Amino acid sequence: MSPTRASLEAAFTTRTDRELLGKLDIDSVPRHVAIIMDGNGRWASKRGVPRILGHRAGAKAIRESIAACIELGIEYLTIYSFSSENWRRSAEEVSGLMGLFVEVLESEIGNLMEQGVRVRVIGSEEGMPEATMEAFRRTERRTADNATLTLLVALNYGGRMEITEAVRAIAEEAVRGELDPSTIDEDTIDAHLYTTGIPDPDLIVRTSGEMRISNFLLWQLAYSEIWVTATLWPDFKRGDLLRAVIDFQKRSRRFGGR
């Protein structure tokens, strides 16, 4: 359902958010927003608490972002939850994260159903704990018919790995005689990515002030607009996403043309 001024004012209630709403064009919000959720560890370190508590605090920011996307009429939200490089973190932190995924999915399933959120996981299952993957697959099945917002969770995900797997699959089809190599084009690559059927992100948001995309959606972000904030992920509020969307609306998107 498209947002109205009244529905937005009910969702964005702080004085700053209300002022920002005056600058929002409700007819030109991005269709797909992707977020690199960075800063959980630094948030925890600043408070002298274990890193897992930073990740736990970050779950609230995900709820805020989902709510904001729904209120703004955004159709797709992709969150970078666990990269293929995050296995290099301590065994204690990784184990805590895998358990936290299960806990959050179980506690949030009611809200996801009520909000009409469809969950889809992108990434590799290789090396993932069975209990964690089953929790995600169960959530995918239960939310499959929801249509208000599609939430893509990048889990054990790496952009280079995704492209490598796509190229390997295409090559194997060519070897089997199922695909003429001379017909391979961008659509062929798209059809073999984890995100097949999903439009490319219009806007990518990164928290914690880092100026890099960290192996995230390397193919899909070719013409995405980037918005970076110094805010650490656990402190990210719906008003921050609103600010990012308003900044996006000021951009002139040329997609390589003039």
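## Strand 6 and its partner

Let's start with strand 6, residues 225-228: its covered face holds Glu225 and Trp227, while Ile226 and Val228 sit on the uncovered one. Keep in mind that this is a predicted model.

Which way do strand 5 and strand 6 run relative to each other, parallel or antiparallel? Strand 5 (residues 203-206) and strand 6 run parallel, and 4 bridges join them. One pairing to look for links valine 205 to tryptophan 227 in strand 6. You have already met Trp227 on the covered face of this strand.

## Helix 4 beside helix 5

Now find helix 4 (residues 51-72) and helix 5 (residues 91-115), whose axes lie 10 Å apart and make an angle of about 25°. That angle makes helix 4 roughly parallel to helix 5. Their crossing is right-handed.

Which residues meet here? From helix 4 they include Arg51, His55, Ala59 and Ile66, and from helix 5 they include Glu93, Leu97, Leu100 and Val104. Sorted by class, this contact has 9 nonpolar, 3 polar and 6 charged residues.

## Helix 5 beside helix 6

Helix 5 also packs with helix 6 (residues 130-143): the two axes come within 9 Å and cross at roughly 15°. These two helices are therefore roughly parallel to each other. Here the crossing is left-handed.

On the helix 5 side, the residues in contact include Met98, Phe101, Leu105 and Ile109, and among their counterparts in helix 6 are Ala131, Ala135, Phe136 and Arg138. By class, the contact has 10 nonpolar, 3 polar and 3 charged residues. Look out for Leu112 of helix 5: Leu112 is in the contact with helix 4 and also in the contact with helix 6.

Conventions
Residues numbered from 1 in each chain as written. Predicted model: local features only at pLDDT ≥ 70, side-chain atom pairs only at ≥ 80, totals over all residues. Heavy atoms only, no water. Axes fitted to C-alpha atoms, helices over the stretch in contact; angles between N-to-C directions. Parallel < 35°, antiparallel > 145°, perpendicular 65-115°, else oblique. Left-handed = near helix turned anticlockwise from the far one by under 90°. Contact = heavy atoms within 4.5 Å. Nonpolar A, V, L, I, M, F, W, Y, C, P; charged D, E, K, R; others polar. Buried < 20%, exposed > 50% of the residue type's maximum accessible area, 1.4 Å probe, protein only. Pairing = 2+ DSSP bridges.
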